[in-house]
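Let's take a stroll through a structure, one piece at a time. Keep the picture open while you read.

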Amino acid sequence: MRLRAAVLALLAASAWAAPGDARRSGFEDMGPATQAMQRDDAMNPAMLWAAEGEQLWARAPSASARSCAGCHGEPSSLRGVAARYPAWDEVLARPVDLSTRIDLCRQRHQGQPAWTAEHEELLALETLVGLQSRGLPIAPRPDPRLAPHVARGEALFRQRMGQLALSCAQCHEEHAGGKLAGSPIPQGHATGYPIYRLEWQGLGSLWRRVRGCMTGVRAEPFAAGSIEFTELELYLAARATGMPVETPAVRP
Amino acid sequence: MAARTLIQFPATARRGEAIQVRVTIAHGMESGFRPGMDGKPIPRDILRRFTCRYNGETVFGAELSPAIAANPFLSFHLVADQSGTLEFEWQGDRGFAQVERRPLQVA
C-alpha cells in the first residue's frame with residue numbers, strides 16, 4: 001500500500017515530466033526570480049486580483065440579484081471547473097470559454113449588463129475561479145459536440161496568417177525552445193491564465209496574449225469570446241491535457 | 001475605493017524573533033514619462049513613500065521613485081518584542097494615502 005501511495009505521489013509530482021512527454025510549461029523557461037514570484041502567493045501580484053475576486057464573489061451586484069456565493073457557495077465549489085473549460089453552452093449551442101461563461105452567468109442569473117473584454121472585475125473573478133483548480137491536470141470533457149470545434153481550432157493553430165504569413169505552430173512547435181528577439185519561444189501551453197505578465201505590469205487573459213501574437217504577425221486579431229478564438233482555446237486545452245493548471249501564473 | 005493590498009507575516013512570533021514582513025499594493029506607478037494615445041505625456045502618478053509602524057514607532061520606511069514597477073512589492077524584517085499592531089501606510093501623488101492595520105501576537 002505504502003509503495004503504491006509513493007508511486008502515485010511520484011506520478012502526481014511529475015505530471016508533465018512523464019517519460020516521453022516533451023511538453024514544457026513556460027514556467028520552466030523562466031528565470032529563478034520569476035519562478036519564485038509565481039510559487040509564493042505573498043509575492044505573486046496576481047493574488048491582488050484573486051483577493052478582489054473573493055470580494056466580488058460575496059457581493060450582490062444589485063439589491064435584487066444574488067451574489068455568486070448565493071448560488072455557488074464557497075469558491076472552492078468550483079474546483080476543477082477551470083481545468084475543463086472551454087465547454088459547451090446549451091443555450092447558445094456553442095462552446096464558450098471560462099470568461100464568457102462567467103459573464104453569461106452574470107447576465108442570465110444576476111441580470112447585469114455584459115462586461116467588456118479584459119474588464120478588471122471579470123479578470124478578478126476568472127482568477128479566483130482558476131485558482132480553485134490550481135495543480136489539477138487540464139482535463140477537457142470528452143464531449144462529442146466539441147470535437148468539430150477542437151478540429152477547427154487545430155486548423156487555426158496551423159493556419160498561416162497575417163502579413164508575415166506565420167502560423168501559431170511555426171513558432172510554438174517548430175521553433176519552440178529557440179529565441180525571438182532575445183526572448184525564449186515557449187511551446188505555448190495555456191496552463192496559467194489569467195497571467196500576471198511583467199511586461200504588461202498587470203493581469204491579462206489568454207485572449208490578450210493571443211491578440212499580442214496576432215498583431216505581431218500583422219493579422220487581424222480574433223474578437224474576445226468569438227467562435228474562432230474559442231475554438232483555438234479548445235485546441236490549446238486539448239494540446240495541454242494532463243498538464244497542471246498554474247493559475248494565476250507569472251510570466252516575463 | 002481603497003487600493004487592494006497583500007500583507008503577509010507570521011501571525012505569531014517568539015519574543016525577540018526577527019520576522020519577515022512582505023507587502024504588495026495595487027498601484028499603477030505611472031512614471032510620467034510615457035506618452036498617451038494622444039501623444040502627450042501621461043501625468044505622473046506614483047507612490048512616494050511607504051512607512052511601517054509597530055505600536056506607533058516607525059520601524060521601516062521606503063521612498064519610491066518613478067522607475068519602480070506597478071504593484072510595488074516590499075520585503076523587510078523587524079524584531080518582534082511585544083504584541084500589538086502593525087500599521088502600513090502608503091502615500092503618493094494626487095493625495096493618495098492608505099493605511100492598513102494588522103495585529104501581531106508575540107508569545
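## Starting with a loop

First, a bit of vocabulary: helices and strands here are DSSP runs, numbered from the N terminus, with at least four residues for a helix and at least two for a strand. Keep in mind that you're looking at a predicted model. Now find Leu146(A), which sits in the loop between helix H7 (120-131) and H8 of chain A.

Is Leu146(A) buried or exposed? A residue counts as buried if 20 or more other C-beta atoms lie within 10 Å of its own. Leu146(A) has 21 of them within 10 Å, so it is buried. Which residues does Leu146(A) touch, leaving out those up to four places away in sequence? They are Trp88(A), Pro95(A) and Leu234(A). There's also Pro86(A): it is 60 residues from Leu146(A) along the chain, yet their C-alpha atoms are separated by 9.2 Å.

## Helix H7, mostly under cover

On one side of that loop is H7(A), a helix of twelve residues. From its first C-alpha to its last it reaches 16 Å, close to the 16 Å you'd expect at 1.5 Å a residue.

H7(A) is mostly covered, with ten of its twelve residues buried. Leucines turn up among the buried ones, including Leu122(A), Leu123(A), Leu125(A), Leu128(A) and Leu131(A), and Glu126(A) and Thr127(A) are on the list as well. What do the buried residues of H7(A) pack against? Their partners are helix H3 (47-58), helix H5 (81-84), helix H6 (98-110) and strand E6 (202-204), all in chain A.

## Two helices that cross

On the other side of the loop comes H8 (residues 147-158) of chain A, which packs with helix H11 (residues 227-239) of chain A at an angle of about 95°, their axes 7 Å apart. Angles of 65 to 115 degrees count as roughly perpendicular, so that's what we call H8(A) and H11(A).

Who meets whom here? H8(A) brings His149(A), Val150(A), Arg152(A), Gly153(A), Glu154(A), Leu156(A) and Phe157(A), while H11(A) offers Glu228(A), Glu231(A), Leu232(A), Leu234(A), Tyr235(A) and Ala238(A). Sort the residues of this contact by class and you get seven nonpolar, two polar and four charged. Leu234(A) should ring a bell, since it also touches Leu146(A) in the loop.

## A little sheet

Chain A also has an open sheet of three strands, in the order E6-E5-E7, with mixed pairing. E6 and strand E7 (250-251) are the edge strands, each pairing on one side only. You've already met E6(A), as one of the elements that the buried residues of H7(A) pack against.

How many bridges join strand E5 (residues 195-197) to E7(A)? Two, and these strands run parallel. Look for Arg197(A), which stands opposite Arg251(A) in E7(A).

## Meeting chain B

Chain B is built from eight strands and zero helices. Its C-alpha trace spans about 60 × 20 × 20 Å along its principal axes. Of the 107 residues in chain B, 18% are buried. Take the contacts in chain B between residues at least 6 apart in sequence: 53% of them join residues at least 24 apart.

Where the two chains touch, chain A puts in nine residues and chain B ten. H3(A) gives the most on chain A's side, with four residues. By class, that side has six nonpolar, two polar and one charged. H3(A) also has a role inside its own chain, since the buried residues of H7(A) pack against it.

Notes:
Residues numbered from 1 in each chain as written. Chains lettered and ligands numbered in written order. Predicted model: local features only at pLDDT ≥ 70, side-chain atom pairs only at ≥ 80, totals over all residues. Axes fitted to C-alpha atoms, helices over the stretch in contact; angles between N-to-C directions. Parallel < 35°, antiparallel > 145°, perpendicular 65-115°, else oblique. Contact = placed C-beta atoms within 7 Å. Nonpolar A, V, L, I, M, F, W, Y, C, P; charged D, E, K, R; others polar. Expected span 1.5 Å × (residues − 1). Pairing = 2+ DSSP bridges.
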